[in-house]
Amino acid sequence: MRKVWSWLKWPVVFLVVVVLAFVAARVVNHFRYPDPDLAYPDPMNAAAYPTAMPGVAVTPIADGPVRGFHLRPDDIRHRGVVLTWGGSEGGPDFDHAELLASQGHEVLALFYFGQPDQPEMLSRVPVETVSRALDWAEANVESVDPVTVIGTSKGAELAALAPTYEPRIDNTVLFAPGDHVTQGLDFSNVASSWTYRGEEIPYLAFSDASDSGPTLRMLAATVLGTPVRLRPVYEATFDQPGAQDKQIDLTRVPGRC
């Protein structure tokens, strides 16, 4: 037994030192790079969003896969309806929805995954969720002419892609968008972020990027709790062979800005 321990002692010590160093790095980086002070720190929790705002009626929406909030100003000063989607954090971009509603726009702030009757993760999300939301709007809002969609980050990918399949969209506003379809965020089962009629929309996988360095550095930063740089990851992903075949047809995006 002593002989076995003499062989194992130093590997065990080394492993313990590595684990302690990792924990120490996480603790230090937690204080060096604190989480941002978000208005809604738990974006997937529908109950965390307000149901009362000055001059705006906020009504939760729970109609099959159409999930989110209907913000209706007491004084509607603009025709049409605005749909908002947040990024990969899973929120409905309630900040933009609040701002628009306070200026007299009728808004639907929408989840597109992670809620009942929706995909659990950001993977294989049906683009038809946009059409279902517009059907709901036509039955419940004062005016749907024009329809404006606003997406941020991953939600901007959905907002840019949607007009290819949904002709009722009149205007598109994209914050931090990409111009390609990329993989979903279920890393245990890599697939397209989006589907149409049950079929995956062609996508770019991070593992096929022209340079794996940015992805490895992103994973290391995530593990160590240091700031994550996403732009190099996406640039390398967009640079892979055949990327043009997965590019979003921005000529179909109306009134974009």
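Student: Are Tyr-49 and Phe-111 buried or exposed?

Tutor: Ground rules: this is a predicted model, where local features need pLDDT of at least 70 and side-chain atom pairs count only at pLDDT 80 or more, while totals for chains, interfaces and linings use all residues. Residues are numbered from 1 along each chain as its sequence is written, and side-chain values use heavy atoms, with hydrogens and water left out. On relative accessible area, under 20% is buried, over 50% is exposed and anything in between is partly exposed (1.4 Å probe, protein chains only). By that scale, Tyr-49 and Phe-111 are both buried.

Student: How many aromatic pairs does a search of the whole structure find?

Tutor: Rings of Phe, Tyr and Trp (its six-membered ring) pair if their centres lie within 6.5 Å; planes under 30 degrees apart are stacked, over 60 edge-to-face, and the rest tilted. Over the whole structure, the number of aromatic pairs is 10.

Student: What kind of pair do Tyr-49 and Phe-69 form?

Tutor: Their ring centres are 5.4 Å apart, with 55° between the planes. Tyr-49 sits in the loop between α1 (2–32) and β1 (52–53) and Phe-69 in strand β3, so the pair ties together parts 20 residues apart in sequence. Helices (H or I, at least four residues) and strands (E, at least two) are DSSP runs numbered from the N terminus, by the way. The pair is tilted.

Student: Why is the Tyr-49 and Phe-111 pair classed as it is?

Tutor: Their planes stand at 75° and the centres are 6.2 Å apart. Phe-111 is in strand β5, so this contact with the loop residue Tyr-49 joins parts 62 residues apart in sequence. Given that angle and distance, the pair is edge-to-face.

Student: Which residues form one aromatic cluster with Tyr-49?

Tutor: Two of them are the partners we just covered, Phe-69 and Phe-111. The cluster also takes in another Phe, which makes the residues joined to Tyr-49 Phe-69, Phe-94 and Phe-111.

Student: Which residue does Arg-72 meet in a salt bridge?

Tutor: A salt bridge here is a side-chain nitrogen of Lys or Arg within 4 Å of a carboxyl oxygen of Asp or Glu. Arg-72 in strand β3 (residues 66–73) pairs with a residue of strand β5 (residues 106–111), 34 residues apart, at 3.8 Å, N to O. Arg-72 is partly exposed at 33%, whereas its partner is buried at 2%. That partner is Glu-106.

Student: Which residues join Glu-138 and Arg-168 in one network?

Tutor: Glu-138 and Arg-168 themselves meet at 3.1 Å, N to O. Glu-138 is in helix α3 (residues 128–140) and Arg-168 in the loop between α4 and β8 (171–175), 30 residues apart. Salt bridges with shared partners bring in Asp-135 and Glu-166.

Student: What volume does the largest pocket have?

Tutor: On a 1 Å grid over the protein atoms alone, a cavity is a set of points where a 1.4 Å probe fits but cannot get out; a pocket is an open set with protein on both sides within 12 Å along at least five of seven lines, and lining residues have an atom within 4 Å of a point. Grid points are joined across faces, edges and corners, and the volume is the space filled by probe spheres set on the points. For the largest pocket that gives about 780 Å³.

Student: Which element gives the largest share of the lining?

Tutor: The lining has 22 residues, with Ser-88, Ser-153, Met-218, Leu-230 and Tyr-234 nearest the centre. Elements giving two or more are α4 (154–161), α5 (213–224) and α6 (231–238). The largest share, 5 residues, comes from α6.
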